[in-house]
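Reader: I would like a close look at a single part of this model and its packing. Please keep it brisk, and give the cut-offs.

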Amino acid sequence: MTRPKGGYYKAELGEPHKFDPTFRGPVHQRGCTDVLCCVIFVIVILGYIVLGTVAWMHGDPRKVVYPTDSYGQFCGQQGTPNANKAILFYFNILQCANPTVLINLQCPTTQLCVSKCPDRFATYIDMQINYRRNKSYWEYYKQFCKPGFNYPDKPVSHVLRDEDCPPMIVPSRPFLQRCFPDFITRNGTLTVANQTIFKDGHGRIRSVVDLRDAANGITSLLDAKEVGIKIFEDYASSWFWILIGLVISMLVSLIFILLLRFTAGVLFWMVIFGVIAAVGYGIWHCYWEYSSLQGKPDSDITISDIGFQTDFRVYLQLSQTWLIFMISLAVIEAIIILVLIFVRNRVRIAIALLKEGSKAIGCIMTTLFYPIITFLLLALCIAYWAVTAVFLASSGDAVYKVMSTLPNCKYTNLTCDPETFSQSNVTKLCPGSQCTFAFYGGESLYHRYIFVLQLCNLLVFLWVVNFTIALGQCTLAGAFASYYWALRKPEDIPACPLASSFGRALRYHTGSLAFGALILSIVQFIRIILEYLDHKMKGAHNAFTRFLLCCLKCCFWCLERFIKFMNRNAYIMISIYGKNFCGSARDAFFLLMRNVMRVAVLDKVTDFLLFLGKLLISGSVGVLAFFFFTRQIPVIQEEVPSLNYYWVPLLTVIFGSYMIAHGFFNVYAMCVDTLFLCFCEDLERNDGSPSKPYYMPPGLHRILEKTDQAGKKCAVS
């Protein structure tokens, strides 16, 4: 079916807009849209502020920052008796069977704040024997006893019963501000201070393996802490050069955009062939490394045999590593070449759109800096959510529970009052029991629903974040639509198009943007819950449940991608016509369906070309950083800082460069999407006659008409 000029025909999907001689781009005489959703959004924001205020009133982040002793006092808090005692010490760590119990302060033993961890093996029995001839034994041991206890002659049985002092101390080191045994593996044997056995203070000889069982998994955490310290040191010594790398990536991105305005075709073909050449060089280099390692001793060891290593250079000595790199790069190379072969005729159209987009950005340069506003708003949202979550998690008063080493004590884990506990019958029925701090909480309505409030905090956070992103998309779309619908460019472009578009979006369409953001937020919220359930059910053996959960995750992932795509185009239509969200989404959907082939090819080709640009910028800056941090640039070898892991600043520069390029090219992507929808509207509204002229540039129209004619010839043949 041929389309009459001017767009006066009934399409199979929706009805195109009829010609409006007064239409001159984004509608300025607007009314507020989706008012109900706007009101709800404002009420939710006010409620979110109230939630944060209540959380700040009840919460205390010191409960998260500082460990707490058995009396509910913070270790290391300034202005308290524990100001110089920042480390938590466990009287009998053997009673703690799980490291998570230790970290959550649920260990059934007395916990005290100390200034330093023990550095030697000792028992209270040995101390009492040696104290009679040397007072220094008691002076050292009593710093791990209860404050104010100074009776070294008290019978051992009474001391251990009342838990005045620990029955033993072992060499320890602080981790997470808690004293844990200083495990060291020597020649495959687990030791503590070069010993494999120790006295437990009750007259028994124990193996250090018992300490390991009591603190299972702590050794790996300590190793992780050491790696973290080294990474922090690398950042501290290389932050200046990382910053220089990020500045270089920003300048390269700006230069790339400026060059794109004048030489989009040549530049993007250079990008395409540059990426192909770079990946081809990577394949050759991987093959060369693989060939050179053949025949060398220990090079044929597999990655699974050596396991995880913090020094990545170990993997580079394996031929399997280079083989994996070579195969991966070959697959990437094949995919790029095949994509270019199949869409070669559409690349010219994508380049024409990018040229027009570069012209639009050249006329509205302020759009390049709008992502900074979005970034600041998102940073504010994330900070508010994180602080509110911490205060909610730390809400509550100190809860004390009965802790007893007797297995048949019926009062164990019951709440108690430390001030009246000594006068209760519990101490008589369960000798040695204590009223010990357990956790922070409460029985009020607020404390019972803290988990629900955390979920509300997460949902509103997602809503506000998506609204911020939607506001940015609608603002940029309105500015670029003002450019497209100007018959004479740039003379007819209104003054301050970006500021005007931002004002229109915020004044008239807050409800519509909030509506679209809410739909997306609910889907993302469900996805987070599914991920949480999947994490909790990793050890489950019900195959059907795991399969169902996997299907749900896949479906909601696809749904989220679709909603993001539709929201983006709906916001473009909102910025042009000022309709509500549902009407704009419907118009955008039918418009895209009437141009489905152009959408499927042009949009993805454009995304592909922009992705190649991001890849080239981050890759080129990454290669420069690699040669710098590995001291392969002779001119500035002396300036390279000494690093534990050179990949720490290298990966930071690569990731940061990609994100910077992504921020700039996101503006381009929004520009191209807006121009594409405007072009489709232009074709349906106008026919190129003097009374109904096209608003698109003549060059873009010629390319698209040639493509359509070529497609018709192929269809006829």
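Author: What follows centres on helix 15, then turns to its partners and to a few other sites. The model is predicted: local features need pLDDT of at least 70, side-chain atom pairs count only at pLDDT 80 or more, and totals for chains, interfaces and linings use all residues. Residues are numbered from 1 along each chain as its sequence is written, and side-chain values use heavy atoms, with hydrogens and water left out.

First, the setting. The protein has 22 helices and 12 strands. These are DSSP runs numbered from the N terminus (helices are H or I, at least four residues; strands are E, at least two). Of its 717 residues, 44% count as buried. Buried means under 20% relative accessible area, exposed over 50%, and partly exposed in between, with a 1.4 Å probe and protein chains only. Among contacts with a separation of 6 or more, 71% join residues 24 or more positions apart. Contact means heavy atoms within 4.5 Å.

Now helix 15. It covers residues 450–484. Its 35 residues should span 51 Å at 1.5 Å a residue, and its end C-alpha atoms are 51 Å apart, which agrees. The expected span is 1.5 Å times one less than the number of residues. Of the 35 residues, 27 are buried, so helix 15 is largely enclosed by the rest of the structure.

Take its contact with helix 21 (residues 647–685). The two axes come within 9 Å and cross at roughly 50 degrees. Axes are lines fitted to C-alpha atoms, for helices over the stretch in contact, and angles run from 0 to 180 degrees between N-to-C directions. That angle makes helix 15 oblique to helix 21. Angles under 35 degrees count as roughly parallel, over 145 as roughly antiparallel, 65 to 115 as roughly perpendicular, and the rest as oblique. The crossing is right-handed. That is, the near helix is turned clockwise from the far one by less than a right angle; anticlockwise would be left-handed.

Helix 15 brings Gln473, Leu476, Ala477, Phe480, Ala481, Tyr483 and Tyr484 to this contact. Helix 21 answers with Val667, Met670, Cys671, Thr674, Leu675, Cys678, Phe679 and Asp682. By class there are 12 nonpolar, two polar and one charged. Here Ala, Val, Leu, Ile, Met, Phe, Trp, Tyr, Cys and Pro count as nonpolar, Asp, Glu, Lys and Arg as charged, and the others, Gly among them, as polar.

Helix 15 also meets helix 12 (residues 370–393). Their axes come within 10 Å and cross at roughly 175 degrees. Helix 12 and helix 15 are therefore roughly antiparallel to each other. Their contact has 18 nonpolar, seven polar and no charged residues.

Helix 21 has another partner, helix 19 (residues 581–594). These axes come within 11 Å and cross at roughly 75 degrees. That makes helix 19 roughly perpendicular to helix 21. Leu591, Leu592 and Arg594 in helix 19 meet Phe676, Leu677, Cys680, Glu681 and Glu684 in helix 21. The classes here are five nonpolar, no polar and three charged.

Two further residues complete the look. Serine 249 sits in helix 8 (residues 218–293). At 0% relative accessibility, serine 249 counts as buried. Leaving out residues up to four places away in sequence, serine 249 touches Ile617, Val621, Ser657 and Ile660. Glutamate 333 lies in helix 10 (residues 319–342). At 11% relative accessibility, glutamate 333 counts as buried.
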